[in-house]
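User: Could you take me through one part of this structure in detail? I would like a close look at the ligand site, and then at how it fits into the rest of the chain.

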Amino acid sequence: MLKQEDSLWSKIQQQLSDEIPSAQFDAWVRPLKIKEDQYQLQIFVPNRFFLDAFKSRYAEQVKSLARQFSTSDINISFELDKYLLASPEPEKTVVPSNIAALPNKVHNKKNIDGFIDPRFTFENFIVGKSNEFCHAACQAILDAPGQVYNPLFIHGGVGLGKTHLIHAIANALHQGNNAHIAYRTSEQFTNELIAAIRKGGTEAFRQRYRKADILIIDDVQFWAKKRSTQEEFFHTFNCLYEERKQIIMTSDRLPSEIGHLEERVRSRFAWGLVADIQPPDLETRQAILVDKAEIAGVELQDDVALYISSKVTRNVRELEGALTRLNAHASLTGKEINLDFAKKVLQGLIVEEVENISIQVIQKRLVSFYGVSFENLVSKRRQKSIAFPRQVGMYAARKLSNVSMADIGAAFGNRDHTTVLYAIRKIEEEIKSSPIFAKEVERFLIFIRD
Ligand code: ADP
Ligand code: MG
């Protein structure tokens with residue numbers, strides 16, 4: 001028998017906990033179950049979407065650590081945890097759903113109630129770190145609507161692809177089977193309800209939604225304060241949920257952050273899986289831009305794509321806006337789209353994009369980048385291992401946020417603005433004199449923005 005601390009996995013795990021942020025570690029490494037002997041390491045994961053996402057994120061890292069820590073060639077496999085799948089709520093995963101079992105049928109408009117944009121598909125949705133979790137959850141729903149994640153609650157900032165994803169689900173399900181899909185924006189749902197109440201047709205309204213095998217509601221944050229909508233949705237939800245019909249919602253914030261929401265509704269929002277989409281990182285933005293350009297038939301040189309995606313960072317809709325503008329100017333003037341042209345045309349758009357990252361975010365990033373504790377950062381302590389990251393933080397705050405030196409000083413342990421000024425000068429000089437340090441700071445600034 002291997003002693004626990006000698007096992008290959010415990011070494012890998014130890015190393016992973018150093019290499020990846022703790023939140024990620026908790027989410028991705030802790031749930032794993034392991035079987036190992038001297039020939040093989042079997043890694044069991046809780047479900048399919050986890051499996052796909054885990055493989056794309058960490059498989060290489062795990063394999064390379066295994067090679068590093070084991071003397072012999074070891075066989076590594078990633079597998080579904082069958083026990084987990086079958087055990088806690090067997091009915092949920094074992095009983096086939098009436099939807100999944102429906103026979104394949106070609107497009108049948110009657111089965112869609114609501115407008116689904118055919119352009120929003122999985123094929124043209126670019127997956128990156130910022131959205132892979134959510135994307136995987138959506139994919140899992142395709143395989144077994146009503147069974148795996150019910151409801152699915154997608155949240156994320158404006159223009160990050162929430163609507164795209166739920167339309168993609170509807171498009172894919174629509175092609176695959178005969179399920180009855182109802183799609184509404186939250187406002188449409190509310191307006192219909194109001195009209196139904198006015199005309200005394202609430203029963204018909206109810207029946208219409210309760211017929212759905214899949215109910216999709218976009219932007220439910222608008223239901224804050226709308227009591228009768230919440231009440232009606234509550235009953236519809238219960239009814240569909242009991243029949244194992246799939247419910248999917250999006251929101252620009254978490255259920256807990258939506259104000260004026262009845263508690264019982266809030267709790268139902270979060271009953272299934274709450275999946276978030278984060279703003280895309282640089283690589284993903286670039287990939288999206290290149291893809292969108294291709295769809296639009298616009299030729300984008302690499303340096304232009306990089307320029308736009310490094311400047312337009314907030315959301316994908318703005319990225320598309322930049323492309324549209326560029327394309328329009330190019331076709332109107334007949335000029336070639338090169339870097340100079342792009343800079344000129346996008347001037348207005350990009351100048352507005354003043355960075356303003358909060359000091360709190362910068363401090364959090366300092367903690368994980370330099371491994372210094374928050375308490376030390378804001379303390380009076382002056383030893384180099386603490387004072388130095390603190391100075392880098394002040395410098396970063398000056399560069400990336402719109403706050404005064406006095407505010408920066410206050411946030412870093414009530415220091416006055418001359419201390420901040422001193423810190424910034426010092427870091428600037430250091431950057432000039434040491435290219436290695438300059439690189440480090442550059443990496444840190446990218447890490448903050450990412
Ligand atoms: P949200 O509903 O989150 O506000 P949308 O789904 O409307 O955002 O997305 C805004 C635009 O960005 C859409 O045109 C969508 O196609 C595009 N988009 C967002 N994320 C992606 C992605 N990962 N890949 C391709 N296009 C994307
Ligand atoms: Mg939307």
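Analyst: Happy to help; what follows starts at ligand 1 and works outwards to the domains, the core and a few individual residues.

Please keep in mind that this is a predicted model. Let us begin with the surroundings of the ligand. Ligand 1 is surrounded by 18 residues, and the closest of them are Gly159, Thr163, His164, Arg317 and Glu320. Sorted by class, this shell holds seven nonpolar, seven polar and four charged residues.

Three polar pairs are worth finding in your viewer. At Ile126 the backbone takes part: one of its N or O atoms lies 2.8 Å from a nitrogen atom of ligand 1. Lys162 uses its side chain, with a polar atom there lying 2.8 Å from an oxygen atom of ligand 1. Glu320 also takes part through its side chain, where an N or O atom is 2.8 Å from an oxygen atom of the ligand. How much of the ligand does the protein bury? Taken alone, ligand 1 exposes 550 Å², and 93% of that is buried by the protein. The elements giving two or more residues to the shell are α7 (162-176), α12 (282-296) and α14 (316-333).

Now for the place of this site among the domains. The assignment divides the chain into domain 1 (4-104), domain 2 (132-277), domain 3 (282-345) and domain 4 (359-449). Why does ligand 1 lie between domain 2 and domain 3? Both of these domains give residues to the shell around the ligand, so ligand 1 lies between them. As for domain 4, its C-alpha centre is 44 Å from that of domain 2.

For the wider setting, the chain has 21 helices and nine strands. Its C-alpha atoms fill a box of roughly 75 × 70 × 45 Å along the principal axes. Of its 450 residues, 45% count as buried.

Helix α7 leads from the ligand to the core. The largest nonpolar core has 28 residues, and those touching the most other members are Cys138, Leu152, Ile154, Leu165, Ile214, Ile216 and Ile248. At least two core residues come from each of α6 (132-143), β5 (152-156), α7, β6 (181-185), β7 (214-218) and β9 (273-277). Within that group, α7 gives the largest share, six residues. Helix α7 therefore appears twice in this account, once in the shell around ligand 1 and once in this core.

The other two helices of the shell each offer a residue to look at. Ile295 is in helix α12. With a relative accessible area of 56%, over the 50% cut-off, Ile295 counts as exposed. Between the C-alpha atoms of Ile295 and Leu165 there are 18 Å in space, while 130 residues separate the two in sequence. Gly321 belongs to helix α14. Its relative accessible area of 32% makes Gly321 partly exposed, because that value falls between the 20% and 50% limits. From Gly321 to Glu243, 78 residues away along the chain, the C-alpha distance is 42 Å.

Some backbone details deserve a look as well. Most residues other than glycine have a negative phi, and most peptide bonds are trans. Asn150 and Pro151 are joined by a cis peptide bond, with omega about -5°. Pro151 sits in the loop between α6 and β5. Asp219, although not a glycine, has a positive phi of about 65°, and this residue is in the loop between β7 and α10 (227-242). His260 is not a glycine either, yet its phi is positive at about 50°. You will find His260 in the loop between β8 (246-251) and α11 (263-269), and it counts as exposed at 58% relative accessibility.

One last stop is Ser401, in the loop between α18 (384-400) and α19 (405-411). Is Ser401 buried or exposed? Its relative accessible area is 5%, which is under 20%, so Ser401 is buried. The side chain of Ser401 reaches the backbone oxygen of Ala397 at 2.8 Å.

Key:
Residues numbered from 1 in each chain as written. Chains lettered and ligands numbered in written order. Predicted model: local features only at pLDDT ≥ 70, side-chain atom pairs only at ≥ 80, totals over all residues. Heavy atoms only, no water. Near = heavy atom within 4 Å. Polar contact = N/O pair within 3.5 Å; in protein donor to acceptor, adjacent residues only side chain to side chain. Areas by Shrake-Rupley, 256 points an atom, 1.4 Å probe, with all protein chains shown as cover. Helix = DSSP H or I, 4+ residues; strand = E, 2+ residues; numbered from the N terminus. Nonpolar A, V, L, I, M, F, W, Y, C, P; charged D, E, K, R; others polar. Domains from an automatic or database assignment. Core = buried A, V, L, I, M, F, W, Y, C linked by side-chain atoms within 4.5 Å. Buried < 20%, exposed > 50% of the residue type's maximum accessible area, 1.4 Å probe, protein only.
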